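Okay, thanks everyone for coming. I'd like to walk you through one structure today, starting with a strand and ending with some empty space.

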Amino acid sequence: MKATIQYVDIPRGKRVLAASDLHGHGSRLARLLRKAGFCEDDMLFLVGDCLERGRENLKTLRMVMELCRLPNVFATVGNVDLWALTYFTQSAEDIKARIDLFVKHHGSTLFTELCEEAGLPYDTLAQIAYARDRLPLLYRDEIEFIRSLPTIIETPFYRFVHGGLPTKNLDELDMSNPLHYLKNDAFIDQGVSFDKWLIVGHWPASLYHRDRIDLNPYVSISQRIIDIDGGSGVKSDGQVNLLVFPHAGEDSFTSLCTDDFPRFRALDPQQESETSGNINYADPWVEILEVRDSLTRVRRISDGYEMWTVKPVKTEDGKSRLWGDSTDYRHQIFPGDVISLIARDAVGCYIKKDGVCGYYNGRIEPLV
């Protein structure tokens, strides 16, 4: 498979919307589009990874297919979308290993959902092998749709690609290996700059922050890059973001977000943290300082930041790694603020407010 570029015209002044990394959570996008009042006068771009790590993979895929039948909706492929196609070329043993892992952690896969709709069992290796060979015949439209998605979308004011690009010169990229542009970790940190906004996903925006877990779009104005991956399906506290340019050709933009966590009203005030940290996948190496019941005090090796965490710390070959994003950030809260409750743990109520995660130790009541 070679990288492909689709050219799309956007009239100046049009409202432009963009989302990425649904990861089998199409209902979240549907809510955002209703909230934004998406209509035929808008242009919508979906920037890859609509599949896997959620329970609505087939539903999400068909939703994206239906949207892309509209003349004002366009989508690019993501690395996980291409990876999903390998279900139909792998050995039954490898498929079973993937199913076991994904069902355990995410509840479903595209392969299992296709099997269930088609009435094909997948309990044994023989059944998986039969389903692998049969499903491409039953679901030609869905599979061909994924294969047909472009790697890059170029417009007069924006470029869209799932992972990132090494250059603004698209002539160098056409028909090259697409995986370089779909799986491009920590892309903004590579220092590449562009002459128009480049909209990417793939790397959860929270991984660019060292002080808190901020899942809202991450913006580098000097590089003209916006990462809109809210960690949906990848992070336990993830969300889907919708980027909104009210007028194409102008630099102003806003964003909306949604998740599936229950909503509460805060009853007590809380001061914001003076200092805080976010230890995550991008820099997970720590020193264990103290263990107290379900809490572990750790020091981040790279900068010496210390914090308590409820997340597991695993030590191998003398190196300790924190597993899962962890923060000690505390929001500024006013009575009446609406928050999402993610979990209760030994530190307090782990919440999200306006796309930022942290702790709150006041009283809450459910929204009626």
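Let me begin with a question: which residue in S23 is the bridge partner of Asp214? That's Val356. Keep in mind that this is a predicted model.

So, on to the neighbours of S23. Asp214 belongs to strand S8, residues 213-214, and S8 pairs with S23 in the antiparallel sense over two bridges. Strand S22, residues 349-353, also pairs with S23 in the antiparallel sense, over five bridges. In that pairing, Lys352 stands opposite Cys357. S22 and S23 form a hairpin with two residues between the strands, and Asp354 there takes a positive phi near 55°.

Is S23 largely enclosed or not, and why? Five of the five residues in S23, 356-360, are buried, meaning under 20% relative accessible area, so the strand is largely enclosed by the rest of the structure.

Now the empty space. The structure holds two cavities of 30 Å³ or more. The largest has about 80 Å³ of space. Its lining has 14 residues, and Leu46, Val47, Gly48, Cys50 and Val64 lie nearest the centre. Strands S3 and S4 each supply at least two residues of that lining, which divides into eight nonpolar, three polar and three charged.

The second largest cavity has about 30 Å³. Helices H5 and H7 each give at least two residues to its lining, with H7 giving the most, at three. Here we get six nonpolar residues, no polar and one charged. Glu142 is among the residues lining this cavity, as are Phe88 and Leu110.

Notes: Residues numbered from 1 in each chain as written. Predicted model: local features only at pLDDT ≥ 70, side-chain atom pairs only at ≥ 80, totals over all residues. Heavy atoms only, no water. Buried < 20%, exposed > 50% of the residue type's maximum accessible area, 1.4 Å probe, protein only. Helix = DSSP H or I, 4+ residues; strand = E, 2+ residues; numbered from the N terminus. Pairing = 2+ DSSP bridges. 1 Å grid on protein atoms, 1.4 Å probe; cavity = no way out; pocket = protein on both sides within 12 Å on 5 of 7 lines; lining within 4 Å. Points joined across faces, edges and corners; volume = space filled by probe spheres on them. Nonpolar A, V, L, I, M, F, W, Y, C, P; charged D, E, K, R; others polar.
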